[in-house]
Amino acid sequence: MSVSRRVSQEALLAVVTAGTAYLALSPGLHEALHVAYNYAFTGGHVAGCGLGPWTLDGGRMVTCFAPGGRPALNALLTPVTTALAGVGLMWASPRARRAGVRRGLLVAGAAAWLVQSLYGMGLLTPPALDSHGVTVWGDGIAALGAFGWPAVAPGACVLALGALVLRRRVAVRTRDATLWAWK
Ligand SMILES: [Zn+2]
């Protein structure tokens with residue numbers, strides 16, 4: 001096999017791995033964690049609302065909570081736990097045998113870590129379309145409403161931890177002088 005063919009195969013493998021692994025974490029793991037925390041906090045109850053405990057609201061997939069749980073704590077813990085799983089994926093990515101898989105897992109882990117920790121801190125919330133027009137709502141906003149500013153602390157810790165792990169997983173090079181030429 002030619003070198004260029006092998007390089008493009010690994011690049012394709014990286015893209016497919018990154019996409020699959022990212023979807024597995026978010027929404028996959030994220031929404032599963034909502035159900036697991038709700039199950040734990042209610043002493044064994046799961047809500048039913050369409051697609052099992054899940055439904056679509058304003059174009060976004062959401063988990064319905066069985067009443068009696070602790071929805072604000074659930075909203076605080078779920079994105080932070082998902083972000084931690086992203087950090088774990090970045091940390092474990094060098095164990096994959098294929099170069100494309102290694103790179104794909106690193107990219108998926110980094111994306112899940114960054115998006116979920118910022119979302120959990122209420123700083124990155126996708127807009128939703130509903131009968132009120134364009135609105136923003138999400139786990140981090142709910143946690144901030146319930147606990148105030150201390151709710152950003154877990155997300156900030158995971159943000160810092162992930163930055164350290166990512167820094168150890170990438171090579172740093174100085175910027176090519178020609179890239180400054182446009183100035
Ligand atoms: Zn959520």
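Gly 52 is partly exposed, with 38% relative accessible area. In this predicted model, Gly 52 sits in the loop that runs between helix 1 and strand 1 (54-57). Its C-alpha atom is 9.0 Å from that of Thr 63, a residue 11 positions away along the chain.

**Overall layout**

The chain contains 5 helices and 4 strands. Their order along the sequence is α-β-β-α-α-β-β-α-α. The C-alpha trace measures about 60 × 40 × 30 Å along its principal axes. Of the 183 residues in the chain, 36% are buried. Among contacts with a separation of 6 or more, 65% are between residues 24 or more positions apart.

**Zinc site**

Which residues coordinate the zinc ion? The donors are His 30 through NE2, His 34 through NE2 and Asp 139 through OD, at 2.0 Å. Written as a sequence pattern, the spacing of these donor residues is H-x3-H-x104-D. His 30 belongs to helix 1 (residues 3-41) and Asp 139 to helix 4 (residues 139-147), so this pair ties together parts of the chain 109 residues apart in sequence. His 30 is buried, at 5% relative accessible area. Asp 139 is buried too, with a value of 11%.

Helix 1 also holds Pro 27. The peptide bond joining Ser 26 and Pro 27 is cis, with omega about 20°. As a general rule, most peptide bonds are trans.

**Helix packing**

Two packed helices are described by the angle between their axes and by the distance between those axes. The table lists three pairs that involve helix 2.

| Helix pair | Angle between axes | Distance between axes | Handedness of crossing |
|---|---|---|---|
| Helix 1 and helix 2 | about 140° | 9 Å | right-handed |
| Helix 2 and helix 3 | about 155° | 7 Å | left-handed |
| Helix 2 and helix 4 | about 130° | 8 Å | left-handed |

Helix 1 and helix 2 are oblique to each other. On the helix 1 side, the residues that meet helix 2 are Ala 21, Leu 25, Leu 29, His 30, Leu 33, His 34, Tyr 37, Asn 38 and Phe 41. Facing them in helix 2 are Leu 73, Asn 74, Ala 75, Leu 77, Thr 78, Pro 79, Thr 81, Thr 82, Ala 85, Gly 86 and Leu 89. By class, the residues of this contact are 12 nonpolar and 8 polar, with no charged residues. The zinc donors His 30 and His 34 are therefore also part of the contact between helix 1 and helix 2.

Helix 2 (residues 71-92) and helix 3 (residues 99-120) pack at an angle of about 155°. Helix 2 is therefore roughly antiparallel to helix 3, as angles over 145 degrees count as roughly antiparallel. Helix 2 contributes Pro 79, Thr 82, Ala 83, Gly 86, Val 87, Leu 89 and Met 90 to this contact. Helix 3 contributes Leu 105, Leu 106, Ala 108, Gly 109, Ala 110, Ala 112, Trp 113, Gln 116, Ser 117, Tyr 119 and Gly 120. The contact has 12 nonpolar residues, 6 polar residues and no charged ones.

Helix 2 and helix 4 pack at about 130°, and that makes helix 2 oblique to helix 4. Here Ala 72, Leu 73, Ala 75, Leu 76 and Pro 79 of helix 2 meet Asp 139, Ala 142, Ala 143, Ala 146 and Phe 147 of helix 4. This contact has 9 nonpolar residues, no polar residues and 1 charged residue. Asp 139, a zinc donor, is among the helix 4 residues that meet helix 2.

**Two buried residues**

Is Asn 74 buried or exposed? Asn 74, in helix 2, is buried, with a relative accessible area of 1%. Apart from neighbours within four places in sequence, Asn 74 contacts His 34, Tyr 37, Asn 38, Phe 41, Phe 65 and Pro 79. One of these, His 34, is a zinc donor.

Ser 93 is located in the loop between helix 2 and helix 3. It is buried, at 3% relative accessible area. Leaving out residues up to four places away in sequence, Ser 93 touches Arg 102, Leu 105, Leu 106 and Arg 169. Leu 105 and Leu 106 also belong to the helix 3 side of the contact with helix 2.

Conventions
Residues are numbered from 1 along each chain as its sequence is written. This is a predicted model: local features need pLDDT of at least 70, side-chain atom pairs count only at pLDDT 80 or more; totals for chains, interfaces and linings use all residues. Side-chain values use heavy atoms; hydrogens and water are left out. Axes are lines fitted to C-alpha atoms, for helices over the stretch in contact, and angles run from 0 to 180 degrees between N-to-C directions. Helices (H or I, at least four residues) and strands (E, at least two) are DSSP runs, numbered from the N terminus. Angles under 35 degrees count as roughly parallel, over 145 as roughly antiparallel, 65 to 115 as roughly perpendicular and the rest as oblique. A crossing is left-handed if the near helix is turned anticlockwise from the far one by less than a right angle, and right-handed if clockwise. Contact means heavy atoms within 4.5 Å. Ala, Val, Leu, Ile, Met, Phe, Trp, Tyr, Cys and Pro count as nonpolar, Asp, Glu, Lys and Arg as charged, and the others, Gly among them, as polar. Donors are N, O and S atoms within 2.8 Å of the metal (3.2 Å for Na, K and Ca); water is not among the atoms, so sites may look incomplete. Buried means under 20% relative accessible area, exposed over 50%, partly exposed in between (1.4 Å probe, protein chains only).
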